[in-house]
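Me: Could you pick one part of this structure and take me through it closely? I'm new to this, so please start with the bigger picture and explain any cut-off you rely on.

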Amino acid sequence: MNVEITKEEYLDLLDLLHIAGWVLVAHKTEKDPRTEKYDTIMQKFYALAGQMGSGDLIEFYPVARQYYHARKFGDGSTVTCLVQRCLDHCHSTDVLDGRA
């Protein structure tokens, strides 16, 4: 299956993948086999960053053999603010419930 998207849509997709990544790994301390298929899909889209003109936002780490968001990706972005707001809410809920 081929899907054509613009560079702007690819940037939006990176935002969505960033949010999904936080949801998948926010509380885990080790690899979860149930999420490996999602990691694989995210890696496929991250691998396209260079050809989509977003190579400065995604970096490949040879030792881990995986792509990750570059620091530039999150600096002051709307998505980073949304993720932080969600984390703050979860933490404050945990405090109120006596779990933190």
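Reply: First, a cut-off: a residue counts as buried when its relative accessible area is under 20%, as exposed when that area is over 50%, and as partly exposed in between. Keep in mind that this is a predicted model. By that yardstick, 21% of the chain's 100 residues are buried. The chain has four helices and two strands, and reading from the N terminus, the order is α-α-β-β-α-α. If you take the contacts between residues at least 6 apart in sequence, 49% of them link residues at least 24 apart. As for the outside, about 7,800 Å² is exposed, with carbon and sulfur atoms supplying 57% of that area.

Let's zoom in on the loop between H2 and strand E1 (58–61), where you'll find Leu48. Ser54 sits in this loop too, and so does Asp56. How buried or exposed is each of these three?

Start with Ser54. Its relative accessible area is 3%, and because that is under 20%, Ser54 counts as buried. Who does it touch? Skipping residues up to four places away in sequence, Ser54 is in contact with Tyr10, Leu11, Leu14 and Ala49.

Leu48 is another story. Its relative accessible area is 31%, so Leu48 falls in the partly exposed class. From C-alpha to C-alpha, Leu48 is 9.2 Å from Ile58, and ten residues of sequence separate the two.

Asp56 is partly exposed as well, because its relative accessibility of 39% lies between the two cut-offs. Its side chain has a partner. Here's the general idea: side chains with opposite charges can pair up when their charged atoms come close. In this model, Asp56 forms a salt bridge with Lys72, with a distance of 2.6 Å from N to O. Since Asp56 belongs to the loop between H2 and E1 while Lys72 belongs to helix H3, this pair ties together parts that lie 16 residues apart in sequence.

Now follow one of Ser54's contacts, Tyr10, over to helix H1, where Tyr10 is found. With just 1% relative accessibility, Tyr10 is buried. Its neighbours, again leaving out residues up to four places away in sequence, are Ile5, Phe45, Tyr46, Leu48, Ala49, Met52 and Ser54. So two of our loop residues turn up in that list, Leu48 and Ser54. Tyr46 is in it too, although Tyr10 and Tyr46 are 36 residues apart in sequence; their C-alpha atoms are 9.8 Å apart.

Tyr46 also leads us to the largest pocket. This pocket has 20 lining residues, and those lying nearest its centre are Gly21, Val25, Tyr46, Tyr67 and Tyr68. Which elements give it two or more lining residues? They are H1, H2, strand E2 (66–69) and helix H3 (71–74). The largest share, six residues, is from H1. If you sort the lining by type, you get nine nonpolar, six polar and five charged residues. The volume of the pocket is about 480 Å³.

To put our loop in context, look at the one before it, between helix H1 (7–25) and helix H2 (36–46), which holds Thr35. Thr35 has 8% relative accessibility, so Thr35 is buried. Apart from neighbours within four places in sequence, Thr35 contacts Leu24 and Lys28.

The whole structure has two salt bridges. Besides the pair in our loop, Arg34 forms a salt bridge with Asp32, and their closest N and O atoms are 2.7 Å apart. The two partners differ in cover: Arg34 is exposed at 66% relative accessible area, whereas Asp32, at 16%, is buried.

Finally, glance at the loop between E1 and E2, where Arg65 sits. Arg65 is exposed, because its relative accessibility of 68% is over 50%. Most residues other than glycine have a negative phi. Arg65, though, has a positive phi, near 55°.

Back in our loop, then, Ser54 is the buried one at 3%, while Leu48 and Asp56 are partly exposed.

Methods: Residues are numbered from 1 along each chain as its sequence is written. This is a predicted model: local features need pLDDT of at least 70, side-chain atom pairs count only at pLDDT 80 or more; totals for chains, interfaces and linings use all residues. Side-chain values use heavy atoms; hydrogens and water are left out. Buried means under 20% relative accessible area, exposed over 50%, partly exposed in between (1.4 Å probe, protein chains only). Contact means heavy atoms within 4.5 Å. On a 1 Å grid over the protein atoms alone, a cavity is a set of points where a 1.4 Å probe fits but cannot get out, and a pocket is an open set with protein on both sides within 12 Å along at least five of seven lines; lining residues have an atom within 4 Å of a point. Grid points are joined across faces, edges and corners, and a volume is the space filled by probe spheres set on the points. Ala, Val, Leu, Ile, Met, Phe, Trp, Tyr, Cys and Pro count as nonpolar, Asp, Glu, Lys and Arg as charged, and the others, Gly among them, as polar. Accessible areas come from the Shrake-Rupley method with a 1.4 Å probe; for residues, only the protein chains shown count as cover. A salt bridge is a side-chain nitrogen of Lys or Arg within 4 Å of a carboxyl oxygen of Asp or Glu.
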